[in-house]
Amino acid sequence: MSAKIIDGTLIAQQIMEELKPRIARLLEKGIVPGLSVIIMGEDPASLSYVKSKGKACERLGMRSETIMLSETTSQADLMTVISNLNANPKVHGILVQLPLPKHINEDAVLEVINPEKDVDGFSPINMGRLLAGGECFKPCTPNGVMELMARYDIDPAGKHAVIIGRSNIVGKPMAALLIQKKKGADATVTICHSRTKKMSAITKKADILISAIGNPGFVKADMVKKGAVVIDVGINRVEDKAAEKGYRLVGDVDFDAVKEVASAITPVPGGVGKTTIAMLMLNTVQAAENIPKL
Ligand SMILES: NC(=O)c1ccc[n+]([C@@H]2O[C@H](COP(=O)([O-])OP(=O)(O)OC[C@H]3O[C@@H](n4cnc5c(N)ncnc54)[C@H](OP(=O)(O)O)[C@@H]3O)[C@@H](O)[C@H]2O)c1
């Protein structure tokens, strides 16, 4: 039997709908939740993500601002832009679109963002709080995965979750969320990466298999246990002459084959990517609600 398709578009709509009354309450108090996004350079994929974030803010009646910096902007100038946003009371969320050009020290940039405005959850303070199980802004993509599972009644408790990919923005925080001692988590987690040996033997043991590597079609049907839940975080552009843009988006998972083995699976597009943006809106509204005078 073919797997249940986890509809990220639908879940994202639900999350956004649930935010509307919270935003209305803020507006009544004269507070317009505001997100500022900084982008350096003109990478087409990054530009398209930033555009989607702006559109989502617009749809919810939130304030959004995109600060476009040239690829050659210095570290000092970038830091000054962030410091100004830290000090601006109209800005509740600050997001620096990654990856940054090679001459920029990414860690130093993430460290300078005020943790109370760090709606991406990448600052060391939020990452530390996440690992320790404290209150924090959770990184949007892995938190979106948790939300997808919760809303599809997929309980990770006691399950073996295998994550492929160990980046700071997906793999590691995904593991941190899944191992928390709390309802909706409590999984046993294994992380695989490019140095992992005999990966199929590990992925085949996964009750929940999450791929976040950026390699089209990497996860094949013979790497997946029958009945596993498969979450595809990967977003890859592959050439497609028939498509209007000359490419189409695919995930890391060989979707057509894996859906015949899995019990539930996220598609690309229409899966994790949609919830990522909804979780960013959620974090920004939360940041606005956290203002001490409220
Ligand atoms: N859906 C969303 O909203 C969303 C958000 C963020 C990212 N993404 C997508 O998710 C994917 C991963 O993003 P990222 O930022 O985490 O990427 P990243 O920083 O490049 O990290 C990729 C990870 O995958 C591992 N890896 C790469 N090739 C591998 C292989 N053949 N076997 C095993 N492990 C391998 C790498 O291992 P090493 O550490 O050993 O190098 C690394 O840990 C990309 O396609 C990206 O576009 C989607």
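In this predicted model, strands β7 (residues 208-211) and β8 (residues 229-232) run parallel to each other and are joined by four bridges. Within that pair, Ser211 sits across from Asp232 of β8. Both strands belong to an open sheet of six strands, and reading across the sheet gives the order β1-β11-β8-β7-β5-β6. The pairing in this sheet is parallel. At its edges are β1 (4-5) and β6 (188-192), each of which has a pairing partner on one side only. As a general point, strands in a sheet are held in register by backbone hydrogen bonds, and the pairing can be parallel or antiparallel.

The antiparallel version turns up here too. Strand β9 (residues 236-239) pairs that way with β10 (residues 247-250), again over four bridges. In this case Val238 is the residue that faces Arg248 of β10. Val238 also shows up when the two faces of β9 are sorted out: together with Asn236 it makes up the covered face, while Arg237 and Glu239 make up the uncovered one.

Now for the ligand. The shell around it holds 21 residues, and those that come nearest are Arg166, Ser167, Ser194, Ile235 and Thr276. Two of these serines also make polar side-chain contacts. For Ser167, an N or O atom of the side chain is 2.5 Å from an oxygen atom of the ligand. For Ser194, a polar side-chain atom likewise lies 2.5 Å from a ligand oxygen. Thr141 joins in as well, with a side-chain N or O atom 3.5 Å from an oxygen atom of the ligand. As for how much of the ligand ends up wrapped, the protein covers 70% of the 920 Å² of accessible area that the ligand has on its own.

What sort of residues make up this shell? By class, there are 10 nonpolar residues, 10 polar ones and one charged residue. Looking at which element supplies them, helix α10 (residues 272-289) gives the most, with three residues.

Zooming out to the whole protein, the domain assignment splits off two pieces: domain 1 takes in residues 30-114, and domain 2 takes in residues 140-274. Their C-alpha centres are 27 Å apart.

Key: Residues are numbered from 1 along each chain as its sequence is written. This is a predicted model: local features need pLDDT of at least 70, side-chain atom pairs count only at pLDDT 80 or more; totals for chains, interfaces and linings use all residues. Side-chain values use heavy atoms; hydrogens and water are left out. Two strands pair if DSSP finds at least two bridges between them. A residue is near a molecule or strand if one of its heavy atoms lies within 4 Å of it. A polar contact is a pair of N or O atoms within 3.5 Å; within protein, one must be able to donate a hydrogen and the other to accept it, and residues adjacent in sequence count only if both atoms are side-chain atoms. Accessible areas come from the Shrake-Rupley method with a 1.4 Å probe; for residues, only the protein chains shown count as cover. Ala, Val, Leu, Ile, Met, Phe, Trp, Tyr, Cys and Pro count as nonpolar, Asp, Glu, Lys and Arg as charged, and the others, Gly among them, as polar. Domain bounds come from an automatic or database domain assignment. Buried means under 20% relative accessible area, exposed over 50%, partly exposed in between (1.4 Å probe, protein chains only).
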